[in-house]
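Reader: I'd like to learn how to read the pockets in a structure. Could you walk me through it?

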Amino acid sequence: MRVHDLTIDGVAVSAPEGTTVLDAARKKGIYIPHLCDRPDLKPVGVCRMCTVEVEGKGLVISCKTPVRDGMVVRTESEGVSKVRQVALELLIADHDSDCLTCAKDTNCSLQRVARHVGVDSPRLARIRRERDRRPLDTSNPFFDFDPNRCILCGICVRTCDELQNINAIDYTFRGTKTLIAGFGNRPRIETNCESCGECVVRCPVGALVPKDSRQPSKLVRTICSFCGCGCGMLLGVRDGEIVSAAGDFKNPASRGRLCVKGRYGYRYVNSPERLTTPLVKRDGEFIPVGWDEALDLVAEKFSESMGDSFATIASAKCTNEENYVVQKFTRVVMGTNNIDHCARL
Ligand code: SF4
Ligand code: SF4
Ligand code: SF4
Ligand code: FES
């Protein structure tokens, strides 16, 4: 593949054909502010924050400009600052300013960009306008949407379309009334949203946040135990309790993605309803018993059911080796081929 040599802020950069200036800078560790760009989504160029100056071309948005041989890029200049500042102030003027109560505080792209670009406070005060607060969409059981914090970057819409192929949400209405919602301004719960949460993890601000937003004090790298896909995940732990689950972008199989079970199904671990001891049904009621008693009873019932009156359903939560042992036990010990697996059901 053809490689282009260019300079960004005087630093020599080589990047393959098709790379955008923003990506080339990112890979070289040069920060260009951006809000609507994600490396795993197609660029749309709506926020204008990534504006840079290219010698001989003037101002361009770096997330949609491909690298070219001999290009000389400057990420800061008077013109660049002006464009970024005005675009940023228009965004902030329309955005909730109660950052301290936002779940994304200190981890928000808008805050980071604002720190880098800087705002003209008197001008911002002039263009900030009072407006009716728009109602939150809290219909999804796992996450909330606050349109008052949304910057309309479209990352959630593209995630749902390009990565998930679900298209549950899109832009609704026009102008200052523009909103992200389900078709016909329906709440999330009434759309075909599968609650995968991929849009939530990509939202650069606090517009899409999980209902359980406790911050973990440590992360534990592990594999999701819900099904045989074995997606990589980082479990967030606080005070001995799991408080979050995030996809592991270093896992080569799942590359950061999780489904609804992996992302939000961790609550069962700390559920007070979990069984902690075997239960045996006597006179219609479940009675707690010790493991020896329970296993003796299982062995006794198995012995009474040898042959084709016995069947096994193996589990996708087990490893291949465990499932191999289960089928061996079923065929060799119990004397039947009645064995199946929950992944086929
Ligand atoms: S949770 Fe998943 S399915 Fe639902 S809107 Fe977001 S990306 Fe689409
Ligand atoms: S909800 Fe978040 S990701 Fe979606 S458009 Fe608004 S700010 Fe962007
Ligand atoms: S995240 Fe979903 S697909 Fe991945 S292992 Fe867990 S349950 Fe299976
Ligand atoms: S990141 Fe380039 S226009 Fe938004």
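Reader: By class, what lines the largest pocket?

Author: This is a predicted model, and the lining of its largest pocket has 23 nonpolar, 10 polar and 10 charged residues.

Reader: How do people find empty space like that in the first place?

Author: Rolling a probe the size of a water molecule over the atoms shows where empty space is left. Here, the largest pocket comes out at a volume of about 1200 Å³. Its lining takes in 43 residues, with K104, N107, V200, V201 and C203 lying nearest the centre.

Reader: Which element gives the most to that lining?

Author: That's β12, with 5 residues. At least two residues each come from α3 (109-117), α6 (198-202), β9 (208-210), β12 (241-247) and α7 (260-264).

Reader: What volume does the second largest pocket have?

Author: About 280 Å³. It is lined by 18 residues, and L90, L91, D94, R129 and L152 are the closest to its centre. Two elements to look for in this lining are α2 (78-93) and β8 (179-181), which each give two or more residues. α2 gives the most, with 3.

Reader: Which domains does that lining draw on?

Author: At least three residues come from each of domain 1 (3-127) and domain 2 (131-210). By class, you'll find 11 nonpolar, 4 polar and 3 charged residues around the second largest pocket.

Reader: And which residues are around ligand 3?

Author: You'll see C224, F226, C227, C229, G230, C231, L258, C259, K261 and G262 there. Sorted by class, that shell has 7 nonpolar, 2 polar and 1 charged residues.

Terms used: Residues are numbered from 1 along each chain as its sequence is written. Chains are lettered from A and ligands numbered from 1 in the order in which they are written. This is a predicted model: local features need pLDDT of at least 70, side-chain atom pairs count only at pLDDT 80 or more; totals for chains, interfaces and linings use all residues. Side-chain values use heavy atoms; hydrogens and water are left out. A residue is near a molecule or strand if one of its heavy atoms lies within 4 Å of it. Ala, Val, Leu, Ile, Met, Phe, Trp, Tyr, Cys and Pro count as nonpolar, Asp, Glu, Lys and Arg as charged, and the others, Gly among them, as polar. On a 1 Å grid over the protein atoms alone, a cavity is a set of points where a 1.4 Å probe fits but cannot get out, and a pocket is an open set with protein on both sides within 12 Å along at least five of seven lines; lining residues have an atom within 4 Å of a point. Grid points are joined across faces, edges and corners, and a volume is the space filled by probe spheres set on the points. Helices (H or I, at least four residues) and strands (E, at least two) are DSSP runs, numbered from the N terminus. Domain bounds come from an automatic or database domain assignment.
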